[in-house]
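Here are some exercises to work through with the coordinates open. Try each one yourself before reading its solution.

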Amino acid sequence: MSKFLRVSFVLAIAALVTVAAALGAVGHKAASDTLVFGAASDPVIIDGPLVSDGESLRVIDQIFEGLVGLKPGTTVIVPKLAVSWSASKSGLAWTFKLRQNVKFQDGTPFNGQAVCANFDRWYSFPGPLQTDAVTYYWNTVFGGFKHPAQGSPGPDKSLYKGCKVVGKYSARIILSRRSSSFLGALALTNFGMASPTALKKYQADAGTVDSDGVFHPTGTFGTKNPIGTGPYMLKSWKVGDKLEIDANPTYWGPKAKLKRIIFRAIPDNAARLQALQTGEIQGYDLVAPQDIATVKNSSKLKTLDRPAFNVGYVGMNQSIPPMNNILVRQAVAYGLDRKSVVDSFYAGRGQVADQFLPPLVVGFAKKGVPQYTYNPAKSIALLKQAGLTPPVKIDFWYPTSVSRPYMPDPSRNFQAFSASLSKAGFEVVPHSAPWRPDYLGATQSGKAQVFLLGWTGDFGDPANFLNVHFGAKSDLFGFDNPKLFALLTQADSETDIEKRTALYQQASIDVMKFLPVVPYVHSKPALAFQKNVRGYVPSPVSLESFATVSYSN
Amino acid sequence: MLRFIVRRLLLLVPILIGLSILIFLWIRALPGSPAQALLGERATPAAIVQIRHQYGLDKPLYVQYLRYVDTTVHGNFGTSIVSRRPVTTELRERFPATVELSVAAMLFAIMFGIPLGFLAAKRYGTVFDHASLVGSLIGVSTPIFFLALILKYVFAVRLGWLPSIGRQDVLLDTPHPTNFYVLDGIVTGHWVAAWDAVKHLILPALALGSIPLAIIARITRAAALDVQNEDYVRTARAKGLPPHTVDSRHIFRNAMLPVSTIIGLQTGLLLSGAVLTETVFALPGIGSWLANAIFNRDYPVIQGGILFTALVFVTVNLLVDISYGIINPRIRLS
């Protein structure tokens with residue numbers, strides 16, 4: 001061999017030796033006081049009112065706390081920074097008695113002034129922060145701003161009217177109209193209390209607007225100094241690499257069991273699973289249905305179920321005939337073999353939905369709900385009764401390139417539904433589009449006649465399911481039903497819990513009679529962990545604390 | 001040489017202008033909008049109108065384009081609609097990851113591809129030659145993400161020898177002045193961190209370097225076969241030069257001309273492979289960043305990212321052309 005080749009090969013072999021030496025070195029394993037969690041992405045910003053994505057909220061959940069919280073694993077409202085609360089007779093004034101001797105992580109005392117400072121901050125957000133893309137939850141729950149920008153809702157639309165400090169440890173929130181869903185919404189991490197001192201010092205709302213009209217935060221509150229009252233506090237955040245939170249030594253409640261939690265962004269589902277298998281992470285969320293068996297079959301791993309808090313449905317747009325005919329909608333309901341789909345494609349993690357509300361939500365009707373068990377003959381009879389000649393052509397839309405908790409594989413759901421509808425007097429014309437933004441654009445602008453869609457609840461309140469979908473006219477469903485709209489508005493403004501429950505039960509039944517959609521599944525998403533991780537309690541609304549989690553090597 | 005470089009640099013201007021128009025029109029021709037992508041199921045028509053207004057997407061196309069050009073020439077690519085951070089900041093953070101990965105992959109491809117190809121040519125027609133052909137074909141035809149998954153499964157999941165994700169162990173707290181992790185470890189004297197960064201590069205580099213390796217090996221083999229039948233090689237041998245001198249001075253140097261072009265082209269093409277490799281290995285580089293941006297219709301990131309990538313691609317090619325001139329004096333003279 002020539003000298004040249006010898007040199008080349010020496011170099012190549014040197015590389016091999018490097019590899020071999022690397023293989024011999026054992027990687028770092030997490031110490032038992034540190035847990036590494038695989039996130040699907042980095043947070044956008046660590047400032048509750050300015051986000052709506054799950055990865056931001058997961059971190060915010062650990063650092064901030066709201067006036068009320070949820071009992072772990074449920075949607076039951078429990079005291080958090082407020083120890084008790086009461087509504088005035090008019091339902092317009094809510095007084096919160098606050099927990100005493102609580103301090104923010106920067107030493108600022110938590111009191112009535114802090115509560116009002118937070119509410120006033122949210123209500124006074126500057127124009128660029130007033131879009132749904134930034135302050136989705138404030139817009140959804142409170143619906144208006146003090147100084148609205150062009151196109152933004154103003155004080156006349158706002159549920160929030162003002163806040164008064166009543167004594168040192170008490171605050172009163174004044175509403176412009178009755179709403180009891182407001183209390184449930186306060187459990188959202190988006191409305192966690194931030195230190196007024198830190199908000200000011202680190203200029204939470206300061207920023208410049210560039211030539212594109214985009215708001216650039218110039219302060220460091222949401223990136224380097226998010227200060228709440230929670231059991232953990234931010235240690236460091238390097239975007240694309242890791243975000244570290246450390247236990248808060250001055251926390252008012254039981255101290256966090258682990259010293260440090262590291263969130264690591266791993267966007268690819270398969271990569272998260274493999275990182276769990278190698279021990280590089282100790283847990284991750286949103287396990288793909290096809291990976292559940294792998295996790296379950298491993299002696300070192302386990303899955304945890306998040307209670308069903310979603311609904312998968314077949315929507316029907318009544319602005320596109322013949323979907324405006326209730327007989328045709330009933331025919332669709334009888335023509336969908338929902339049980340087969342749920343049994344076949346949800347790996348035992350789904351239950352057939354007979355109404356839009358998941359069973360956990362207040363207002364779920366236990367009786368009186370019309371049932372539409374698969375019955376092709378009845379479907380054909382209904383179509384004939386409607387004056388149509390089967391097969392009736394329908395345009396059925398389904399999304400591609402997506403997996404949602406309520407719809408792990410939309411194309412399989414579509415194929416199965418399409419087959420069952422074909423036997424029930426329909427001729428299905430398939431339409432598909434990539435989920436985001438094409439498919440959602442088509443359905444939300446009213447182009448899709450029949451379509452697969454679903455919803456995961458934001459907070460434990462029926463208004464977040466029923467009012468959001470059926471409380472007003474929408475291009476998505478294309479119907480106008482003043483009676484249903486009035487019932488839902490009445491239910492949302494009722495503050496007496498029993499009356500409210502009864503109203504929502506009625507609404508849930510009415511929706512199933514009117515059939516704007518055919519709900520077919522409530523599914524339980526899965527989390528995966530190393531077997532030696534303990535104390536993680538999955539929440540239906542993903543409000544999960546790491547403070548109770550421990551980990552043994 | 002200087003005139004050549006200046007001319008090539010001047011050519012960059014029309015290329016970048018043309019490209020900026022293409023990207024601008026292309027992303028706006030895609031269905032859907034950033035608002036739709038941002039809000040998902042929660043998008044309402046009113047919210048979409050509001051966001052389009054905020055981001056100036058309701059203005060005429062030429063106004064949007066002029067504003068884009070105006071900010072770009074001032075070195076500002078705008079702000080990501082999704083992360084709300086300046087595109088230039090994200091580029092600065094992510095570009096080093098892609099460069100590090102590409103350099104590692106190319107080093108792997110060159111260190112193994114050239115000797116393999118050269119040896120196959122020297123052993124023309126033997127079992128080794130045929131085996132290297134089959135190996136190259138497998139290398140070229142195996143999808144990168146598939147190879148990446150297999151490598152990860154074997155070396156990370158089953159054997160536990162190498163890490164499966166990221167650029168560095170999350171438990172290591174070391175400074176990153178340049179964001180080139182291997183370099184950072186060396187510069188700051190954190191040898192453990194540098195070594196750890198190298199370990200994190202091995203599997204992605206093997207996956208990403210497989211196709212260039214196969215191509216380089218084939219081109220080297222073909223070029224060496226061509227050159228070793230040239231008159232000047234025969235003359236050199238006839239003069240009684242030792243075989244290694246003939247190999248290194250006459251055959252290798254001349255055979256490297258087409259190989260250097262291929263290396264340049266492959267370096268540019270590595271960027272497309274980097275999208276998959278970075279996704280599979282959760283590496284925060286430009287590839288996965290751009291892929292996500294397209295998915296989210298994040299206009300400023302797509303525009304800035306592609307323009308920057310194109311600039312890199314053109315620059316790499318320019319460097320290749322310059323090196324071509326150095327390797328081959330005939331080009332330099334002409």
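## Exercise 1: a bent helix

Keep in mind that this is a predicted model. Helix 5 of chain B bends by about 30° at Arg94(B), and within four residues comes a proline, Pro96(B).

Task: work out what span helix 5 of chain B should have, and compare that with its end C-alpha atoms.

Solution. Start with the count: helix 5 of chain B covers residues 87–122, which is 36 residues. The expected span is 1.5 Å times one less than the number of residues. For helix 5 of chain B that comes to 52 Å, and the end C-alpha atoms are 50 Å apart, so the two values agree. As for surroundings, helix 5 of chain B is mostly covered, with 28 of its 36 residues buried.

## Exercise 2: the make-up of chain B

Task: describe the secondary structure, box and burial of chain B.

Solution. First, list the elements: chain B has 14 helices and zero strands. Reading from the N terminus, you get α-α-α-α-α-α-α-α-α-α-α-α-α-α. Next, take the principal axes: along them, the C-alpha atoms of chain B fill a box of roughly 85 × 55 × 40 Å. Then check burial, where 46% of the 334 residues of chain B count as buried. Finally, look at contacts with a separation of 6 or more: in chain B, 71% of them are between residues 24 or more positions apart.

## Exercise 3: two helices crossing

Task: classify how helix 11 of chain B and helix 12 of chain B are oriented, then say which residues meet.

Solution. Two packed helices are described by the angle between their axes and the distance between the axes. Here the axes of helix 11 (residues 243–280) and helix 12 (residues 286–295) of chain B come within 7 Å and cross at roughly 85°. That makes helix 11 of chain B roughly perpendicular to helix 12 of chain B, because angles from 65 to 115 degrees fall in that class.

Now for the residues. On the helix 11 side of chain B you'll find Leu271(B), Ala274(B), Val275(B), Glu278(B) and Thr279(B); they meet Ile286(B), Gly287(B), Ser288(B), Leu290(B) and Ala291(B) of helix 12 of chain B. Sorted by class, this contact has six nonpolar, three polar and one charged residues.

## Exercise 4: Leu527(A) and its partners

Task: is Leu527(A) buried or exposed, and what is it in contact with beyond its sequence neighbours?

Solution. Begin with the location: Leu527(A) lies in strand 21 (residues 526–530) of chain A. Now count neighbours. There are 20 other C-beta atoms within 10 Å of Leu527(A), so it is buried. Leaving aside residues within four places in sequence, Leu527(A) is in contact with Gly283(A), Asp285(A), Val287(A), Thr303(A), Leu304(A), Arg306(A) and Pro538(A). Last, compare sequence with space: Leu527(A) and Leu286(A) are 241 residues apart in sequence, yet 5.8 Å apart from C-alpha to C-alpha.

## Exercise 5: Asp268(A) and chain B

Task: which residues does Asp268(A) touch, not counting those up to four places away in sequence?

Solution. Place it first: Asp268(A) is in the loop between strand 12 (260–265) and helix 7 (269–278) of chain A. With 19 other C-beta atoms within 10 Å, Asp268(A) is partly exposed. Its contacts are Thr279(B), Val280(B) and Ala282(B). For a pair within chain A, take Asp268(A) and Ala486(A): they are 218 residues apart in sequence and 44 Å apart in space, C-alpha to C-alpha.

## Exercise 6: backbone oddities in chain A

Task: find where the cis bonds to Pro322(A) and Pro391(A) sit, then look at phi for Asn101(A) and Gln203(A).

Solution. Take omega first. The Pro321(A) to Pro322(A) bond is cis, with omega near 5°, and Pro322(A) is in the loop between strand 15 (310–316) and helix 9 (326–335) of chain A. Pro390(A) and Pro391(A) are also joined by a cis bond, with omega about 0°; Pro391(A) lies in the loop between helix 11 (376–385) and strand 17 (392–400) of chain A.

Now phi. Asn101(A) isn't a glycine, but its phi is positive at about 60°. Asn101(A) counts as exposed, with 8 C-beta neighbours inside 10 Å. Gln203(A), also not a glycine, has a positive phi near 45°. With 15 other C-beta atoms within 10 Å, Gln203(A) is partly exposed.

Technical notes:
Residues numbered from 1 in each chain as written. Chains lettered and ligands numbered in written order. Predicted model: local features only at pLDDT ≥ 70, side-chain atom pairs only at ≥ 80, totals over all residues. Axes fitted to C-alpha atoms, helices over the stretch in contact; angles between N-to-C directions. Parallel < 35°, antiparallel > 145°, perpendicular 65-115°, else oblique. Contact = placed C-beta atoms within 7 Å. Nonpolar A, V, L, I, M, F, W, Y, C, P; charged D, E, K, R; others polar. Bend = angle between axes of the 7 residues up to and from the residue. Buried ≥ 20, exposed ≤ 12 C-beta atoms within 10 Å, placed from the backbone.
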